[in-house]
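Please work through the exercises below with the sequence and the coordinates open beside you. Each one sets a task and then gives a solution that goes step by step.

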Amino acid sequence: MPTNFLHTPIDYLQGIGPAKAKLLRAELGLETYGDLANFFPNRYIDKTQYYKIGQLVPDAAHVQIIGKIVHIKTVETGKTSRLVATFLDDTGQMELVWFKSQKYFKDSLKLNEYYVVFGKIGKFGNTFNMAHPDMELYKEHRARKQSAMTPIYPSTEQLTKRQITNKFMVRCVQQLYSEIRGSFTETLPAGIMQSQSLVDKNTAMFQVHFPDSNESLQQALYRLKFEELFFIQMELLHQNRMRKTRIKGYDFEEVGAHFNDFYNNHLPFELTGAQKRVVKEIRADMGTGAHMNRLLQGDVGSGKTIVAVLTCLLAIDNGFQSCIMAPTEILAQQHYAGVQELLADTGIKIALLTGSVKTKNRRVIHEALEDGSLNILIGTHALIEDKVKFKNLGVAVVDEQHRFGVAQRAKLWKKNTLPPHVLVMTATPIPRTLAMSVYGDLDISVIDELPPGRKEIKTVHRYDKNRLAVFSFIREEIALGRQIYMVYPLIEESETLDYKDLMDGFESISREFPLPEYQVSIVHGRMKPEDKDYEMERFVSGKTHIMVATTVIEVGVNVPNASVMIIESAERFGLSQLHQLRGRVGRGADQSYCILMTGHKLSKEAKTRLETMVATTDGFKIAEVDLQLRGPGDMTGTRQSGIMALRIADIVKDTDILYAAREAAIDLLNTDPKLEQPENEGVLRVMSFLQSKKGFWKYIS
Ligand code: ADP
Ligand code: MG
């Protein structure tokens with residue numbers, strides 16, 4: 001077999017004519033022998049095992065059972081009928097059911113003879129059943145050579161319609177292996193194979209389709225998953241290293257007057273250990289002559305602002321300007337106020353630029369930017385308009401990265417000879433495994449420690465019927481001078497209904513907390529912006545006690561006096577949204593509370609979400625659970641990345657393999673960065689193919 005057999009079009013395979021080849025191409029993207037070899041089953045039917053009726057569980061999927069039929073009857077229900085056989089073994093009894101060909105089965109099935117039945121288990125009432133089982137007399141079954149595990153390949157509706165069955169796919173793969181078996185070239189170095197106890201490529205590629213036993217299947221799967229994750233890590237790490245050597249950045253080797261003066265004389269508090277570590281990482285990045293592209297993750301309130309400020313000071317010490325971009329005007333204003341306060345006594349010039357800055361002031365800012373007298377510019381998207389020209393932008397800090405597109409970030413780069421260092425800050429934690437596999441081109445820093453003295457937000461789950469107790473708790477908090485948020489879901493598909501819920505809620509709250517003693521604000525998406533701002537302002541300034549709102553309050557508001565967050569229909573919110581909403585309270589010195597209100601009926605997943613919220617306030621733990629519940633598809637930032645194209649590994653379930661693969665990749669790149677050792681030839685070959693960007697598995701073999 002020639003070494004390029006993998007590129008042979010599937011049309012050449014015996015048994016696949018042009019029509020079927022066309023269908024396989026269109027439906028499954030299978031073009032070549034290589035594609036077919038790497039078309040992995042998504043499950044297996046294990047006919048090496050026999051189950052006892054007494055062991056059955058409802059989700060047992062396909063099982064094989066030995067027993068005998070003791071009774072057969074026809075059951076009529078209205079116009080339809082079914083044939084039901086009572087089937088038993090020494091542990092219990094179940095039913096076999098036929099809807100089609102009832103007469104045939106009724107006549108041909110033998111009572112009191114041992115059969116082997118095989119099929120999917122269902123349950124009706126207390127009785128297990130199997131509809132249209134595969135059946136064979138036990139004595140014939142025993143005489144026949146046992147087939148082991150049957151692979152089940154992914155399929156589509158079209159394929160099923162056009163008679164491309166699993167049997168057909170199995171035959172194709174069998175035919176393929178009769179031609180190519182043993183001709184895969186090893187891709188992994190012997191050292192890694194040994195240390196990870198991996199089976200070789202040929203064994204794995206055969207066993208994954210035709211496993212001899214569950215054990216050899218597991219070994220094959222492990223090897224192939226490891227290989228897939230290993231090469232993804234190799235590529236990410238390689239890209240990252242290339243970026244660092246190729247893309248030059250300004251060298252901030254000076255840690256000078258401004259940084260030191262501020263650090264020694266103006267820090268309003270001692271930095272947490274995590275903040276110190278992150279500042280060190282940033283300093284190290286910017287002092288190497290390479291370009292910094294760093295993601296800073298830290299929960300709401302973990303103290304990212306001070307890190308941003310210290311980063312800006314490093315730029316100023318080296319004769320550069322810096323900017324901080326926020327996604328909304330409110331956030332930009334808050335940053336501006338905060339940074340101004342921090343740097344009040346330092347003589348550093350700071351300006352705020354947003355859409356609402358008047359033309360005259362704008363001109364002043366533009367001039368100060370261009371002549372270099374302005375040190376730090378804080379603002380919204382207004383910062384990246386073409387008219388805004390820095391004299392020398394050294395650092396760009398971007399807050400809440402998911403609201404800025406990549407293209408917008410790139411715009412900043414155009415203003416300089418070298419790209420400014422970029423620090424992206426986000427309060428939406430990304431699980432480590434995901435970050436590791438998605439943000440390969442970014443370095444990551446984490447603030448995983450809250451400033452001391454924070455009171456943990458107390459979170460409870462309450463059912464709707466306990467509403468009166470919740471109301472009296474609200475009354476107590478208001479009596480103590482606190483303010484309350486009450487949030488309703490707003491989901492586009494049911495907007496009208498949600499709106500009704502919100503208005504009903506507002507009415508009942510207004511009745512429960514009547515004027516003039518109580519003041520209630522309401523904010524939602526159907527209001528005019530002026531009205532929204534007016535109501536918002538009344539709550540922020542403490543004129544109203546309760547804010548009834550949809551999730552519009554998720555971003556931006558900072559009301560330290562608000563101590564209670566009540567989330568209505570909490571079961572309808574996703575975990576990250578619940579976490580973001582809870583982050584609106586707990587900003588002041590008082591004990592804060594989050595109350596999750598739900599009805600009685602809850603799905604299993606909703607229960608898990610609520611339990612998670614009650615159990616922890618750690619954004620990273622919450623993000624991990626979210627990833628497990630939802631899978632990577634819906635998580636921030638994954639959509640554009642290659643992670644969804646994983647062929648065999650699962651980013652949620654195979655985290656151990658991911659860590660092992662990453663470590664092996666780091667080791668390899670450290671010992672042989674250019675992959676020059678003969679034993680790494682296979683790795684080099686795969687990497688070159690990957691860089692030619694022609695897809696992944698096609699060329700991994
Ligand atoms: P976020 O990460 O949400 O942007 P901030 O930077 O706004 O958090 O910080 C939240 C609050 O915590 C601010 O009032 C800030 O002054 C305070 N803070 C930050 N770091 C510390 C620290 N090390 N010790 C005490 N308070 C801190
Ligand atoms: Mg912040």
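## Exercise 1: Placing two residues

At 12% relative accessibility, is Ile 522 buried or exposed? Once that is settled, place Ile 522 in its secondary-structure element, and do likewise for Glu 370.

Solution. The model is a predicted one, and each step below should be read with that in mind. With a relative accessibility of 12%, Ile 522 falls under the 20% limit and is therefore counted as buried. The element that holds Ile 522 is strand E18, which covers residues 520-523. Ile 522 and Thr 544 are separated by 22 residues in sequence, while their C-alpha atoms lie 9.9 Å apart in space.

Turning to Glu 370, one finds this residue in helix H14, residues 359-371. Its relative accessibility is 45%, a value that lies between the limits of 20% and 50%, so Glu 370 counts as partly exposed. From Glu 370 to Val 388 there are 18 residues in sequence and 8.6 Å in space, taken from C-alpha to C-alpha.

## Exercise 2: Domains

Which residue ranges does the domain assignment give, and what distance separates the centres of domain 3 and domain 4?

Solution. The assignment gives domain 1 as 3-39 + 153-183 and domain 2 as 48-145. Domain 3 is given as 257-286 + 303-426, and domain 4 as 458-616. Taken over C-alpha atoms, the centres of domain 3 and domain 4 are 33 Å apart.

## Exercise 3: Salt bridges

Find the salt-bridge partners of Arg 467, Arg 538 and Lys 653, and describe the accessibility of the residues involved.

Solution. The count for the model comes to 24 salt bridges when a distance of within 4 Å is required between the side-chain nitrogen and the carboxyl oxygen. Among them is the pair of Arg 467 and Asp 464, whose side chains meet at 3.1 Å, N to O. Arg 467 is partly exposed at 22% relative accessible area, and Asp 464 is partly exposed as well, at 34%.

The next pair is Arg 538 with Glu 535, at 3.9 Å from N to O. Both residues belong to helix H19 (residues 529-540), and because they are three residues apart there, about one helical turn separates them. Arg 538 and Glu 535 are both buried.

Lys 653 pairs with Asp 650, with 3.8 Å between the closest N and O atoms. Here Lys 653 counts as exposed at 69% relative accessibility, whereas Asp 650 counts as partly exposed at 26%. Elsewhere, salt bridges with shared partners join Glu 186, Lys 201, Arg 223 and Glu 227 into one network.

## Exercise 4: The surroundings of ligand 1

How many residues lie around ligand 1, which of them come nearest, and which polar contacts can be listed for Glu 270, Ser 302 and Lys 304?

Solution. There are 14 residues around ligand 1, of which Gln 275, Gly 301, Lys 304, Thr 305 and Arg 454 come nearest. By class, this shell holds four nonpolar, six polar and four charged residues.

For the contacts, begin with the backbone: an N or O atom of the Glu 270 backbone lies 2.9 Å from a nitrogen atom of ligand 1, and a polar backbone atom of Ser 302 is 3.5 Å from an oxygen atom of the ligand. The side chain of Lys 304 then supplies an N or O atom at 2.8 Å from an oxygen atom of ligand 1. As a last step, consider coverage: on its own, ligand 1 has 560 Å² of accessible area, and the protein covers 68% of that area.

Notes: Residues numbered from 1 in each chain as written. Chains lettered and ligands numbered in written order. Predicted model: local features only at pLDDT ≥ 70, side-chain atom pairs only at ≥ 80, totals over all residues. Heavy atoms only, no water. Domains from an automatic or database assignment. Buried < 20%, exposed > 50% of the residue type's maximum accessible area, 1.4 Å probe, protein only. Helix = DSSP H or I, 4+ residues; strand = E, 2+ residues; numbered from the N terminus. Near = heavy atom within 4 Å. Polar contact = N/O pair within 3.5 Å; in protein donor to acceptor, adjacent residues only side chain to side chain. Areas by Shrake-Rupley, 256 points an atom, 1.4 Å probe, with all protein chains shown as cover. Nonpolar A, V, L, I, M, F, W, Y, C, P; charged D, E, K, R; others polar.
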